[in-house]
Amino acid sequence: MKLYIKLAETLGERIEHGYYRPGDRLPSVRALSLEHGVSLSTVQQAYRILEDSGLAEPRPKSGYFVPPRRQTPALPAVSRAPQRPVDVSQWNDVLDLIKRSAKDNVLQLGRGMPDITSPTLKPLLRSLGQISRRQDGSGLYYDSIYGTQALREQVARLALDSGCQIPASDIVITTGCHEALSVAIRSTCEPGDIVAVDSPSFHGAMQTLKGFGMKALELPTDPLNGISLEALEMALEQWPIKLIQLTPSCNNPLGYIMPEARKRALVTLAQRYDVPILEDDVYGDLAYQYPRPRTIKSFDADGRVLLCSSFSKTVAPGIRVGWIAPGRYLDRVLHMKYISTGATATQPQLALADFIANGHYEPHLRRMRSQYQHSRDQMIDWVMRYFPEGTRASRPQGSFMLWVELPEDFDTLRLNRVLLPKGVQIAAGSIFSASGKYRNCLRMNYSSKPTPSIEAAVRMVGETVRELMGE
């Protein structure tokens, strides 16, 4: 770790733990330089990181200060206990969200899109261009059903940061994380089987269950700690659950990071009932904390965790490259992969391997994590300013999605219908439930740097909510 990053994290921890309180003056650049034995420029870089993260603010000729404590809305309520497994619905509403192109004249606050405008992606674009110009045509051939060796080696190296030691030979490259989830579900379940899921849950995983004729059992989920292990244990006693599917790190849509102790306890519970776990870690590298959180897979001693991820949220969605480390289900996953898409496109794999191997991935992540954390705080401020009093909102610990909860009788599907002619789209909460719960909730994306146009869109959403509530 570079010295300025380490120093920024040390200062950040002191601020977060109250050693420096809101309004306090932080140590001078010279004082920190002497205390930690680093250069003045190192301290200045550390303060820039803290400033980007909203933990320090500069005042002309006075130094750096801890900003006043931000007001935050109440957290969303914990979802209710499950009644029974249900067939997944909501496809038409999901289709309405995903069918719109980025070129449409609609500000898409609801899509799960990262910011792809960062200059830290220029090396990737160069790699793509260089590979396409190679005379040997190496990027035009089929590669192994496993994926290119170069990328699998880089994925194995990155997995060390999450506590996993996975050989490249145990990793399969997929066409995005969506295919990884799909082949994982097909490799562990049959039509009619029951899958336990966090709730609210990623609509893509929900629709995969629907497409394969499986049922979802929605588990109560805390907006800070994740699924209720007590409810899961009761469900395992009562129902023949064949798979546990969840997003425990930087959850979509709630943004929580499941504590390590609960991740370990979940693995123990799954071992006792001999049930596999499908872990979606697509946002894990975007955690605001350092080091990034450990995966459930890192506690897996018998290969029952199928770990899925991709570069769609950390780098760019258009490259469509994901991966899965399926443990004991490797042979089955390879078969499902073969009958779905076969080998994944070669060129983007080679470009990504080059991007990571040449040291461009980590600087890009650092920049995006800092940007997303700053944008989160700004988005929450806007929600408090423009939405009705009593609005609840999540406290994301990573990624770029905010979950907003309105009064129980509010209808965000209707809200979307009113907003679309005005050029704004949100994600209605009901698509994050198998049974259409959370109709009074919505998800908004804050990946872009805050701009007047985004603020105007959030204000329009809030004002429209007020108008509909007043009818």
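Two strands pair if DSSP finds at least two bridges between them. The views below show a predicted model.

**View 1. Strand 10 and strand 11 pair in the parallel sense.**
Strand 11 covers residues 277-280, and 3 bridges link it to strand 10. Within this pairing, L246 has E279 of strand 11 as its bridge partner. Strand 10 spans residues 241-246, and 5 of its 6 residues are buried, so that the strand is mostly covered, where buried means under 20% relative accessible area.

**View 2. Strand 6 also runs parallel to strand 10.**
Strand 6 is made of residues 194-198, and 4 bridges join it to strand 10. V195 stands opposite L243 of strand 10. In a regular strand, side chains alternate between the two faces of the sheet.

**View 3. A β-α-β unit contains strand 10, helix 10 and strand 11.**
Helix 10 consists of residues 260-273. The unit that it makes with strand 10 and strand 11 is right-handed.

**View 4. The largest nonpolar core has 93 residues.**
F311, V315 and F387 have the most contacts inside this core. Helix 13, residues 361-386, gives the core its largest share, 9 residues. Apart from this core lies another, of 32 residues, including V94, I241, I296 and W403. In soluble globular proteins, nonpolar side chains tend to be buried together.

**View 5. The surroundings of F387.**
Leaving out residues up to four places away in sequence, F387 touches W382, V404, L406, L442 and M444. Under the same condition, F387 also touches V458, V461, G462, V465 and R466.

Technical notes. Residues are numbered from 1 along each chain as its sequence is written. This is a predicted model: local features need pLDDT of at least 70, side-chain atom pairs count only at pLDDT 80 or more; totals for chains, interfaces and linings use all residues. Side-chain values use heavy atoms; hydrogens and water are left out. Buried means under 20% relative accessible area, exposed over 50%, partly exposed in between (1.4 Å probe, protein chains only). Helices (H or I, at least four residues) and strands (E, at least two) are DSSP runs, numbered from the N terminus. A crossover is right-handed if, with the strands pointing away from the viewer, the path from the first strand over the helix to the second runs clockwise. A nonpolar core is a set of buried Ala, Val, Leu, Ile, Met, Phe, Trp, Tyr and Cys residues joined through side-chain atoms within 4.5 Å. Contact means heavy atoms within 4.5 Å.
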